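Trainee: I would like a close look at one part of this model, and then at the setting it belongs to. Please take me through it step by step.

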Amino acid sequence: MPSTLERSIAFTRRPGWSLYLRHRYRLPYLLLLPVVLLLLLFLAWPLASVFYFSLRRTPLGEPSQFVGLDNFALLFREARFLGNILASLQYLVGVLGLSVPVAYLAAVLISSKVRGAGAFRTLFLLPWIIAPVVSAILFRTMVDPYTGPVARALETLTGRKYLFLVNPQLAVITIIVHSAWRSFPLEMLLIAAGLTSIPQELYDSAKVDGAGGWAQFRYVTLPLTKNQLFVAVLLITIWTLQDAEGVYSLTQGGPGYTTEVVGVRLFKEAFIYFNVGIAAAIGVVLIALSVLFMVFYLRVLGAGEGQ
Amino acid sequence: MKARLRAGLAWLGILLIGIVVFFPIAWGVKTSLTAPLGLGGGSGLIHLQNYRYILSQPLFLLYVKNSVIVSLGAVLAAIPMAILGGYALARFDFPGKRLSVLLLVLPLLPAIAVLVPLIVYMRRVGLYNTLLAVILANVVFNTPFAVWMVRGFILSIPIEIEEAATIDGCSRLEALWQIDLPLAAPGMIAVGIFIFINSWNNYLYAFAFTTSPELAVLPQALLRFLGAWGTNYGGLTAAATLALLPPAALFLLSQRWFIMGMLAGTGK
């Protein structure tokens, strides 16, 4: 079998630039072809179709018809959908506010030179590889008003009964803590990767300049982990905004619609009520929200770089 | 003295975070090993009634089987594509290569939104309500990042080894097969485990593409147990523990390469 080298020599000797080009790039293009076809057919095309379907009404078993922006008009005039968006933003702020500080602290701890601390890098990642429905079962077991240790401990402390998934505020807190528990490991992993890439000399020279612990953190650690922190916050923002599985397994959006975040609403419209048009319109809103946050974070990061 | 104080504080922090991380898991396992009320079943700390009950349910075993089919199917279909694509991105320069960033951006768009038209298309091509559709969805949503992970692992192999092989008469594909893949084997296994865990844990795609109860995957069945069993926490946590074991074991086995691949994928 002739080697690629020989073959390419044979080809380059032939005249014709286009033939040369074609041959030179043929192999990488061929190698990428399956992935590209897969993603075009099953990701890019459906993604474009979401917009198309959002402009149509598609009753089951009947041909769909064009309705313009009716689906969006319907949604945005609905108190429930505005509540869905607010619930999503509340969920997002709660999850980020709770998980990022814990993740940063955990990252500092597992990257510290204390012997044995590194082993916890792996162990602390466990919540992240657990299925959302499994962790939802674990959390429901903990907050059961009669047998759950968390509900019971609170009851002993305050003398009141805590009905976690019945009381609206407690339900919101439960989905936030659950999601933060699932999200902090990945944030920790990314931040820790940034921490270990900081050269020790920077801390040494900071100490020479008389910087204490806090000053070292403020002027060395934090600026040099900014990019990793940014990636972590971006990923968790996107996943929290789009989350349906975690919230749905815990509360199904209840009580009432208090925990019905946009993802859960989309889940119900698409897979339970089979409202294709409305579901697609919610999908468009979710895509728009995701892109909005991506652009926002990129601009914040860009502005920081410019200083 | 100061160093000891610092180490003490670090351990205190690790302990506190450790309690938060492990308490829900430990409590779940403990609950699953507790006998249901009224069925004392003798003394002793460990009761396996919950597990015995679940494993004696033919339906539960069917759900496990479906989950194995879907997860293994997704791995087997996605890995060859990821290897070929990742290799092309790691070792070749070609016009349009910068578009590969899309592989990192596309997975950030909401899969749940993409599922809506996909359901309509799956109905049209007759794949709706089959495990094949569920496998396909898992392949589609896992492949982009898997390509990126493979790329990272191939890049970590010095290209000189491959060049030497090419001079000895190997074609590029032979070099990939005989040089890169054996050298990157632990990494490739980690990519497979990454896809397996994601597919094993997901119920969204199965919920979207199947309606027959006998096609349910394990997480979907757990969701149904939650609705039907309500507060039978012994049974619920036993089923949850069984569902948790494969991903946890696979992750712990491959953790070093798994983490490396994750960071290679999300980094620059």
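Mentor: Let's start just past a helix: A:F274, which follows α14(A), has a positive phi, near 55°. Helices here are DSSP runs of H or I with at least four residues, strands are runs of E with at least two, and both are numbered from the N terminus. Keep in mind that the model is predicted, with local features needing pLDDT of at least 70 and side-chain atom pairs counting only at pLDDT 80 or more, while totals for chains, interfaces and linings use all residues. Residues are numbered from 1 along each chain as its sequence is written, and chains are lettered from A and ligands numbered from 1 in the order in which they are written.

Helix α14 of chain A covers residues 262–272, and nine of its eleven residues are buried. Buried means that 20 or more other C-beta atoms, placed from the backbone, lie within 10 Å of the residue's own; 12 or fewer makes it exposed, and anything in between partly exposed. Among the buried residues of α14(A) are A:R265 and A:E269, alongside A:L266, A:F267 and A:F271.

A:L266 leads us further out. In the largest nonpolar core, which has 168 residues, A:L266 is one of those touching the most other members, together with A:V134, B:A78, B:A146, B:V191 and B:L222. Such a core is a set of buried Ala, Val, Leu, Ile, Met, Phe, Trp, Tyr and Cys residues joined through C-beta atoms within 7 Å. Its largest share, 16 residues, comes from α6(B). Domain 1 (4–54) and domain 2 (77–306) of chain A both contribute residues, so the core lies between them; these bounds come from an automatic or database domain assignment.

On the chain B side, look at B:A78. Beyond its neighbours within four places in sequence, B:A78 is in contact with B:V139, B:N142, B:T143, B:A146 and B:I195, where contact means backbone-placed C-beta atoms within 7 Å.

Now step back to the two chains. Their contact takes 70 residues from chain B and 68 residues from chain A. On the chain B side, α12(B) gives the largest share, 15 residues. That side divides into 55 nonpolar, 14 polar and one charged, with Ala, Val, Leu, Ile, Met, Phe, Trp, Tyr, Cys and Pro counted as nonpolar, Asp, Glu, Lys and Arg as charged, and the others, Gly among them, as polar.

How values were computed: Contact = placed C-beta atoms within 7 Å.
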